Amino acid sequence: MQSPALTNLRYTLLLLVIAAGTALSLRIIQMSVPPVIRSGDDGNLMCLYDLEGEHLYSTRWYKGRREFYRYTPKENPAKKTFPVPGINVEISKSNASHITLSSVELSSSGRYSCEVTLDAPSFMTGFISSDLEVVEFPQQRPSISGAKLKYRVGDVLTANCSSKQSKPAANLTWTINDAQASSSHVRLYKPVKDETTNLETSILGVHFLVARQYFLQGKLKIKCTAQIYNVYNQSTEQILEEDRPQVVVLSSDSSPLGPPNVNMVHSPYDQSSLHDEIENDAFMTHIQADMSSSRSPITISPFARLWWISLITITSALFHLMSEGLYPVTALVD
């Protein structure tokens, strides 16, 4: 008679052999679920398995704990779907190992599981799970606000970058002349959530003192990049100019009686027109000497200027009367 200990040992070994043999008859090789998919796109899910010569009883798909698709080859119809929010199975593109979800929504995000069951007599079952996340892209590129068009060395540059209405909130980064901005230059703000759409807006600020080395040939480039996982990447950049002070150059032959002959570096004014205006004004305020011998004019006081204008006016009127015969020449002689 065998001892109870020996009997238990033989029974345990028998169960291990049976379990090992059964395990070899079903092997799930791979489950393929896209980790991230854009809202509105179709999603293809795959569950690959090896039956080791056995027959398939069913393949079932779950979102969470709720079954939404079943494939049973011995039943008619073999394909069945069950209502689950956010799930729309395209039957024509689904079979024993593949399913297609059409026009996924944000609510389609979650954990998906594939369950494979062998036919009688074992009805052995294999189970595997994977996560899927549906993302909503921003409708527009990230936008930059608050930056001026021109900056001088020593100015403080402050700007914000916004990426609006996405799920999840986009990850923002700043670059200055194509180099990532220092963390001390960046201002992080909490994403703003729209309670109606459940979408989020991300905001990232930049704040730094403009130094000489930031200007490359008088230009400074700031760029903001918005990224969502590895499925969305968009950037917006802005070119800022150096605001250099205007340089005034006085010529050596400037006149002491009027505005100097001025050349404005980076000036929009026409130099020839400005020179003509200066010359005309000088003609009305002073009498010039012979320019071939001297460029220094003779200064006339306001009283003398008025006297000369009155004399010229009276003389002109007399000549007009004489030409008309209204004033005899003898009157001038007398």
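In the predicted model, residue L311 lies in helix α3, which spans residues 302-323. L311 has a relative accessibility of 34% and therefore counts as partly exposed, since this value falls between the limits of 20% and 50%. Together with W307, W308 and I312, L311 makes a nonpolar surface patch of about 430 Å².

The chain as a whole contains four helices and 23 strands. Of its 334 residues, 30% count as buried. Among contacts with a sequence separation of 6 or more, 57% are accounted for by residues 24 or more positions apart. The surface exposed by the chain amounts to about 21500 Å², and carbon and sulfur atoms supply 56% of this area.

Two disulfides are present in the model. A disulfide is a covalent bond between the sulfur atoms of two cysteines. With the bonded cysteines counted along the chain, the connectivity follows the pattern 1-2, 3-4.

One of the disulfides is formed by C47 and C114, with a distance of 2.1 Å between the sulfur atoms. The torsion about the S-S bond is -85°, and the link of C47 and C114 is left-handed. This pair connects distant parts of the chain: C47 belongs to strand β3 (residues 43-50) and C114 to strand β8 (residues 110-118), with the two positions 67 residues apart in the numbering. Both cysteines, C47 and C114, are buried.

The other disulfide joins C161 and C224, whose sulfur atoms are 1.9 Å apart. Distant parts of the chain are again linked, as C161 is located in strand β12 (residues 156-166) and C224 in strand β18 (residues 219-228), 63 residues apart. The torsion about the S-S bond of C161 and C224 is about -75°, and the disulfide is therefore left-handed. With a relative accessible area of 0%, under the 20% limit, C161 is classed as buried. C224 likewise has a relative accessible area of 0% and is therefore buried.

In summary, the cysteines C47 and C114 are buried and bonded to each other, and the link between C161 and C224 ties strand β12 to strand β18. The nonpolar patch that includes L311, by contrast, is a feature of the surface.

Methods:
Residues numbered from 1 in each chain as written. Predicted model: local features only at pLDDT ≥ 70, side-chain atom pairs only at ≥ 80, totals over all residues. Heavy atoms only, no water. Disulfide = S-S within 2.5 Å. Buried < 20%, exposed > 50% of the residue type's maximum accessible area, 1.4 Å probe, protein only. Patch = residues over 30% accessible without salt bridge, like charges linked within 9 Å, V, L, I, M, F, W, Y side chains within 5 Å. Areas by Shrake-Rupley, 256 points an atom, 1.4 Å probe, with all protein chains shown as cover. Salt bridge = Lys/Arg side-chain N within 4 Å of Asp/Glu carboxyl O. Contact = heavy atoms within 4.5 Å.
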